[in-house]
Amino acid sequence: MTKRFEVLFCGRVTVAHKKAPPALIDECIEKFSQSRGTEGGAKPVSSGGFVSGLRRALTFPLALNGKPGDEEQDAVREGGQDRGREWAPAGERPMFFKRDPSFPCLEALDENGLSPELHTPPGDPRAAGVQPASLQENRTMLFMVGRSQIFLVSPDTKKVSIEKSFREISFCSQGIRHVDHFGFICRETVEGGSCTFICYVFQCTDEALVDEIMLTLKQAFSVAPIIIMNKVHFQNILFIKKKRVYCLILYHFFTVMHCLPPSLFFTLFSSLILSHLGLSFPVPFSISERGDSSLEGRVLSLSQGGAVGGGDRPLGVVPEERKRRGQADLRELWRKAILQQILLLRMERENNKIQASESKRLRLDYEEITPCLKDVTLVWEGMLGTPARSTVKFNRDTIHTAVGQGVPRQFRGEVWKFLSEQYLLSQTVPSRTPANNTPYKELLKQLTSQQHAILIDLGRTFPTHPYFQAQLGAGQLSLYNLLKAYSLLDPEVGYCQGLSFIAGVLLLHMGEEEAFNMLKFLMYDMGLRKQYRPDMIILQIQMYQLSRLLHDYHRDLYVHLEQQEIGPSLYAAPWFLTAFASHFPLGFVARVFDMLFLQGAEVIFKVSLSLLGSHKPLILQHDSLETIVDFIKTTLPNLGLVQMEKTINQVCEMDISKQLQAYEVEYHVLQDELCDMPAHLNQSQRAAQLERTNQSLRQQNLDLLEELQVNKLTCGHTHTHTLSLQPWVELVCFCRFPRPVCVAWRAVLKASSNQRGS
Amino acid sequence: MAYAYLFKYIIIGDTGVGKSCLLLQFTDKRFQPVHDLTIGVEFGARMITIDGKQIKLQIWDTAGQESFRSITRSYYRGAAGALLVYDITRRDTFNHLTTWLEDARQHSNSNMVIMLIGNKSDLESRREVKKEEGEAFAREHGLIFMETSAKTASNVEEAFINTAKEIYEKIQEGVFDINNEANGIKIGPQHAATNSTLSGSQGGQQAGGGCC
């Protein structure tokens, strides 16, 4: 269990000493904004003064130093004095990699564990001292403090960006004026084996998070073993499958065999194997001094092609060997290097393809409950393959029938998109879209204030599903991205527990960005959003509605549960907040989602009612609170395939929209009567209470408008329905004044109860 | 199963402090490092013995996220004991104790016994809240205090049982009105037989105040 925090990488600066005054962070930030130009830089968020006494700056004793003692106390050091100790080069792996400045790097991670975006850009070495991170790139990272290392993982590239052991880090500080920033100095080995000190600077959402990071670091450093031998590698993040790479090497080996001269082929093969095993082999890297511009051009474009070779296979270069070789040899070797690069790139591509298909197989590995027959699959294929699909309106009944007959698993993501397109086409009134229109990729570049809540839930969302199982593996990082983007899009809801399951189901069926669009659709257009609002009033109304429905449809069950004081909030809250995804088999959940995309949030009521109804005899057999709750929570979700299919078929035929409307009004009336004003209140208290009531009614008014719109569309545009909505329209008009509304509501209630009675 | 008393507990505290793990360790004697998120309210029960009497603990485990409070609040009312949990490796969970306590006091009956629990005591190396701080907070607010580890089971039994002892003592002292079920105490069928003022069937049929 490592602690994780979301941070924004600001840049890095070469510094002269391993330690520095805490003002260094501020200086770095200023330098970044200077080198970016005045407008792009990070602005100081704190207007407060120079509260140096409160800020923490930690300096750490280095590897050779005995114990972490007095130095790491909260102390503000002035003047950046060096403590006189030297870095110990002992135990460090010598660096063979010689980088030509004109060369972009050839790998995702170098010996220092740095990804390409963090590298020294070619050019003037003096200017390279200050390297602000590019503002166009996604600079957000997950900062993790382990037992003896820190890691920075990019959720965007899903790779480790920086990995430093504690003993490489000599200084850590929070900004003094920029209190939401922090940074650390670490030792880095550069060309020729000499050490430099680099200060990395990061930004957090707020000061409190920086405080927490500093506290965690202080704690971690004070207990970390002094000499750390075992490096923890984050295999999951890189998800490199070694066996597969070997297979691919052999595969490509045989495919290129025909087109290569035997001698070259042999050296190529052996060097590939050697390089994969981490052994060094000669590769000339100074092509530019020979002026072979055509080759250079090719190589440059190749190496820009992407992360070649993965992070754990550094290419070692032995410079001495180069001297002994002649021009021809060099040319020959260079050719070889190019071929290797081509090969590696191809392997990488193949590997990605295989990984993608494997990941898809992994994600869709659930039992389908309505196996889709061939002719239904053909119907789906036909609809999904229609040219300019998103503009063609299909017959609603055809779609309904098709969904009822089943959705093929492999097309499910596409079908959901199709259903959402069809819904939007059928709308005459534009839907209530989020105020924030920032595209997904841009949202991902920002920091979210919900980072902690999201990070803590990643491991608790589908914890046993292979795709989400791995700690910060591809699945969890995608989930993080999706939830983070949503929390930024919709600050009112932000992140609410339960959402991670909805997002997770979407991610199993489609890519991140599509899943984000579908999440937006479900929340804003299908009406899921309101139940996640911070007051959760809507969820409580839904619980009331469910209990009333239970009263209508299964009176004996209702009475039985009431006797044991089991309200729906005890078992049905996760059903609503996760659309059954937290407890039920995925095949069933997928079908619920099919219906959800077709009919909207009402489906959850229907499924709940149908499930409770079909299990009524079994529930009635239990007669204590514990056994009933245990049955509903653990036995009921493991219902058999036949039962699941029956449930879904029932849901297709149910119509409960009128009851739901009536019970919502009923809830409000009951609430209103509960808090009806006692007579003894004085004038000002009455006024205050009226004010509060008024405010809550205004909110309800907005909700009703929203509801009205949704209902109008989902129930079709028949005349009778418009008529039935008439009282609602009037209600909405009345809602500005508390008193008449009550009267109006009571009338509606009476009318609806009369209807029920008849 | 026959019991002399039934005590209702509620477990509260920030998200991720280990509430569900504490409950699981107490009821099932196991630790599950990966488990589903608690959405809304979960529930567990176990029998214990105090002073030779069988006592059933009925424990309500709540979601920690702020927005769920409006849902979980309704479970305070019928609780005789509350376990207020923080995580000793996360200071912010300790800092939030005051709001939790205010919330609990406001919505529960005044006699509710509150046990403060500093969980994850096995993670000594990552400790951010000293034991003394927990003790001081408990003293200041009149709570019982304990550090536990749901992972190693250290002090978990004790935390639940000591709370029950406290409630039991209060019953003996006559502080709790055991005839009022809103206090979170129910007299079991075994006991009710000897207690002529209560009819055993009455307890079961009393319906709650509805869902609103």
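**Entry 1: the interface**

I began with the interface and found that chain A and chain B bury about 3700 Å² between them, with 56% of that area on carbon and sulfur atoms. I note at the outset that this is a predicted model. Looking for the residues that weigh most on the chain A side, I found that A:R460, A:Q497 and A:E626 supply 17% of the area that chain A buries against chain B, more than any other three residues. I then looked up the residues in contact, and the tally is 46 residues of chain A against 41 residues of chain B.

**Entry 2: polar and charged pairs across the interface**

I looked next at charge pairing and recorded three salt bridges between chain A and chain B. One that I followed to its atoms joins the side chains of B:K56 and A:E626, at 2.2 Å from N to O; I had already listed A:E626 among the three residues that supply 17% of the area buried by chain A. For polar contacts between the two chains, I noted 18 residue pairs, both residues being at pLDDT 80 or more. When I asked which element of chain A gives the most to the side that touches chain B, I arrived at helix α2 (residues 207–223), with five residues. I also sorted that side of chain A by class, which gave 22 nonpolar, 15 polar and nine charged residues.

**Entry 3: a helix pair in chain B**

I turned to chain B, where helix α1 (residues 19–28) and helix α6 (residues 156–173) pack at an angle of about 85 degrees, with their axes 9 Å apart. Angles of 65 to 115 degrees count as roughly perpendicular, and α1(B) and α6(B) are therefore roughly perpendicular to each other. In this contact I found B:L22, B:L23, B:Q25 and B:F26 of α1(B) meeting B:V156, B:E157 and B:F160 of α6(B). By class, I wrote these down as five nonpolar, one polar and one charged.

**Entry 4: salt bridges overall**

Over all chains, I recorded a count of 33 salt bridges. I looked up the one between the side chains of A:D594 and A:R412, at 2.8 Å from N to O. This pair links distant parts of the chain, with A:D594 in helix α22 (residues 586–599) and A:R412 in helix α11 (residues 412–426), 182 residues apart.

Technical notes. Residues are numbered from 1 along each chain as its sequence is written. Chains are lettered from A and ligands numbered from 1 in the order in which they are written. This is a predicted model: local features need pLDDT of at least 70, side-chain atom pairs count only at pLDDT 80 or more; totals for chains, interfaces and linings use all residues. Side-chain values use heavy atoms; hydrogens and water are left out. Contact means heavy atoms within 4.5 Å. Buried area is the accessible area (1.4 Å probe) that two parts lose on being put together, summed over both. A salt bridge is a side-chain nitrogen of Lys or Arg within 4 Å of a carboxyl oxygen of Asp or Glu. A polar contact is a pair of N or O atoms within 3.5 Å; within protein, one must be able to donate a hydrogen and the other to accept it, and residues adjacent in sequence count only if both atoms are side-chain atoms. Helices (H or I, at least four residues) and strands (E, at least two) are DSSP runs, numbered from the N terminus. Ala, Val, Leu, Ile, Met, Phe, Trp, Tyr, Cys and Pro count as nonpolar, Asp, Glu, Lys and Arg as charged, and the others, Gly among them, as polar. Axes are lines fitted to C-alpha atoms, for helices over the stretch in contact, and angles run from 0 to 180 degrees between N-to-C directions. Angles under 35 degrees count as roughly parallel, over 145 as roughly antiparallel, 65 to 115 as roughly perpendicular and the rest as oblique.
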